[in-house]
Amino acid sequence: MSGPLVIVGDALLDRDVAGTVSRVCPDAPVPVLDERSATDRPGGAGLAALLAAAQGTEVALVTALADDPAGARVAELLTAAGVRVYPLRMPGATPEKIRLRAGGQTLLRLDRGGEPTAPAEPPEAALAVIAAAGGVLASDYGRGVLRQPALRAALAAASAPVVWDPHPKGPAAVPGARLVTPNLVELRQLTGDAGAGPALSTATRAGHELRRRWRVGAVAVTTGAEGAVLCHSGSTPLVVPPPSPVAKVEDTCGAGDRFAVAAAAALAGGALVSEAVGEAVAAASAYVAAGGAVGLHREPERPVRPEPGPAEQVVARVRADGGTVVATGGCFDILHAGHVATLQAARRLGDVLVVCLNSDRSVRGLKGPERPLNTETDRAALLSALDCVDTVVVFDEPTPHAVLSRLRPDIWVKGGDYAGDGAPELPEAELVRGWGGRIVTVPYLAGRSTTATITAARQRGDRLIKGAA
């Protein structure tokens, strides 16, 4: 694959709330779920991206996210998994699907987010990553991302093979897509076929109809435990059964995404369509056998998802008023005049300044076991006391990628270390450009640095000790 696997589509937040049921509600004949744990994961196109990244594939996701806690959580989870996220602004709320489970069974699903809303125009970086893709998967969950005109034009013009995973409420695939991957129920809804006769007959008849109607290369109809039926230019379909039957099916959620991801990756690697469908059936079968989405926990289960912190609340408020969000980051171990000059210059660029502060553990990893000299609590308090700083958010990772994905600032600011010809590009530059953000540097006072301050203090101390001796 010469470029990344680019997934374009509707992302959402999936949340599994697991517990036990031992009684019935006294005021209604329904079970009472005693919550024991809750696990968040990206859903929709986000799940497809997560599945691809788990296989070691380089993945980029072009999707729409609202400026809300659910959107921030999706971006955080994907970034932590190594997915590059290129978000379009979404009015309203990021959709959520909350499943209440007990004993390995889903009791109820609660959907949030309301009716789909049209996303904003994609940033140039999103269109560029589609053009540079090694393979493309259009993952449609009926929320409107794949109706966006600029994205559709980019998908139609893509030189890489395009796999289209459709939704009955979504648009037609772009003409020339290499493969479309509906399940049998979706296929019947997309074509209006009543489904008379055996499943194989319906899949063949409706699959050829969809292929002709959408002017695509082939249609692979997934049929659950029976595998898939490939309808191509020939009159005889190819039936692809799974390698072996799945003994126990705990959760099939995401099996279609796993199929589409595997097919897209195989085509990007140069496989024939028939070979790609064979690999996809095997991958989806293995996914279901391993427990499906329930087996995808990337972090320890926790009782609740935290409420948005002060930084997220400030950003949401400013953005709702149409303001510009500015962010900068660093260790700020010993606050000096150079820091203050950078922070003051950054604040003048927008309506709010968020400082992303390395935690104590993060500083130790970057600077060594003797740092920081001041705890993260003290460092955050000093920064918050400055008039030019509106809010501080502490992050634990070596880089600010995860917190930036949550906040998605309009402008990311660094000191003049990175300014001038030949200076290295910021590691987070591509991430920030992904949502249309800008990266700028501001003047840095020469001769001011924490390391230099510490070194000078130690040398002065050594001289005093020697003088006293």
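Two strands count as paired here if DSSP finds at least two bridges between them. Keep that in mind for the close-ups below, which come from a predicted model.

**View 1. Strands S2 and S6 run side by side in the parallel sense.** Seven bridges link strand S2 (residues 11-24) to strand S6 (residues 96-102). For a spot to zoom in on, try Arg 15, which sits opposite Ile 98 in S6. In general, strands of a sheet pair through backbone hydrogen bonds, either parallel or antiparallel.

**View 2. S2 and S6 belong to an open sheet of four strands.** Reading across, the order is S3-S2-S6-S7, and the pairing is mixed. At the edges you'll find strand S3 (31-44) and strand S7 (105-112), each pairing on one side only. Ignoring direction, neighbouring strands of this sheet are turned by 20° against each other on average.

**View 3. Helix H2 lies across part of the sheet.** This helix, residues 69-80, crosses S2, S3 and S6. Its direction makes an angle of about 105° with S2.

**View 4. The largest pocket holds about 1100 Å³ of space.** Its lining takes in 44 residues, and those nearest the centre are Asn 183, Thr 252, Gly 254, Ala 255 and Gly 256. S2, S3 and S6 turn up again here: each gives two or more residues to the lining, as do helix H5 (184-191), helix H7 (255-268) and helix H8 (273-289).

**View 5. The lining of the largest pocket is a mix of residue types.** Sort its residues and you get 20 nonpolar, 15 polar and nine charged.

Conventions:
Residues are numbered from 1 along each chain as its sequence is written. This is a predicted model: local features need pLDDT of at least 70, side-chain atom pairs count only at pLDDT 80 or more; totals for chains, interfaces and linings use all residues. Side-chain values use heavy atoms; hydrogens and water are left out. Axes are lines fitted to C-alpha atoms, for helices over the stretch in contact, and angles run from 0 to 180 degrees between N-to-C directions. Contact means heavy atoms within 4.5 Å. On a 1 Å grid over the protein atoms alone, a cavity is a set of points where a 1.4 Å probe fits but cannot get out, and a pocket is an open set with protein on both sides within 12 Å along at least five of seven lines; lining residues have an atom within 4 Å of a point. Grid points are joined across faces, edges and corners, and a volume is the space filled by probe spheres set on the points. Ala, Val, Leu, Ile, Met, Phe, Trp, Tyr, Cys and Pro count as nonpolar, Asp, Glu, Lys and Arg as charged, and the others, Gly among them, as polar.
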